[in-house]
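Thank you all for making time this morning. I would like to walk you through one structure, beginning with a single residue and then widening the view, so please have a look at it first.

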Amino acid sequence: MSRFIDNFQKDSNQTKCSLFISNLSDKATDQDLINFFKEFEKYILLCQIDLSLNNYNLFSTKGRKGIIIFNSHDKANEARNSLNMMRLLGRTIYLTWHETNSLIRRNNSTNLFIKGIPLTVTPREFYVHFLQFGDITSARLCEDEDGKSRGYGYVSYSDQDSLDQVVNN
């Protein structure tokens, strides 16, 4: 535990070292998460399915939830941007900052609803497209039970400038 605390305190942006993982398959295990984040293994302090979170319907997502804690903000952000909305065990997983402040979590001023998305667009392609405009706090391409796109989605940015770039393009 001491190594965990020592490593965690090295990063000046401690609040942005933890990622919340949602929409995990009921079959997912801690080892599945570790394998999924394999390229970031040496930067991970904790990676687990959090059973205490699974009793709550946080962010209106189905599936199990988990948490991953990195020893640096930069590596957590790199993992978030490179792995968010990828598939694990047949489900699209969502990575967001583990934010405990409900005022920040519920900020709706930078949310977008996007419709008319071609049904061939994957969740990852959707995420990467909108990432070019700025830091995404959350994104979701809505899918049916079989994992097929419904043609609409949501994106929330961390700042107004990013939202304005999307609207103006």
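Let me start with M85, which at 1% relative accessibility counts as buried, where buried means under 20% relative accessible area, exposed means over 50%, and partly exposed is in between, with a 1.4 Å probe and protein chains only. M85 sits in the loop between α3 and β4 (87-88), and although M85 is not a glycine, its phi is positive, at about 65 degrees. L89 also has a positive phi without being a glycine, in this case about 55 degrees; it is found in the loop between β4 and β5 (91-92), and L89 is partly exposed, with a relative accessible area of 44%.

Before going further, I should say that this is a predicted model, in which local features need pLDDT of at least 70 and side-chain atom pairs count only at pLDDT 80 or more, while totals for chains, interfaces and linings use all residues. Residues are numbered from 1 along each chain as its sequence is written, and side-chain values use heavy atoms, with hydrogens and water left out.

Stepping back, the protein has six helices and nine strands, the helices being DSSP runs of H or I of at least four residues and the strands runs of E of at least two, numbered from the N terminus. Of its 169 residues, 42% count as buried.

Now to the interior. The largest nonpolar core has 20 residues, of which I21, L24, L33, F37, I68 and F70 touch the most other members; such a core is a set of buried Ala, Val, Leu, Ile, Met, Phe, Trp, Tyr and Cys residues joined through side-chain atoms within 4.5 Å. At least two residues of this core come from each of β1 (18-24), α2 (30-36), β2 (44-49), β3 (64-70), α3 (73-83) and β6 (94-97). A second core, separate and made of 16 residues, includes I114, F126, F133 and A139.

Finally, which residues of helix α6 (residues 160-168) are buried? They are S162, L163 and V166, and, seen down the axis of α6, they fall within an arc of 100 degrees, so they line one face of the helix, the arc being that of the directions from the helix axis to the C-beta atoms. On the other side of α6, D161, V167 and N168 are exposed. The cover over the buried residues of α6 includes β7 (111-115), α5 (123-131) and β9 (149-157), where contact means heavy atoms within 4.5 Å.
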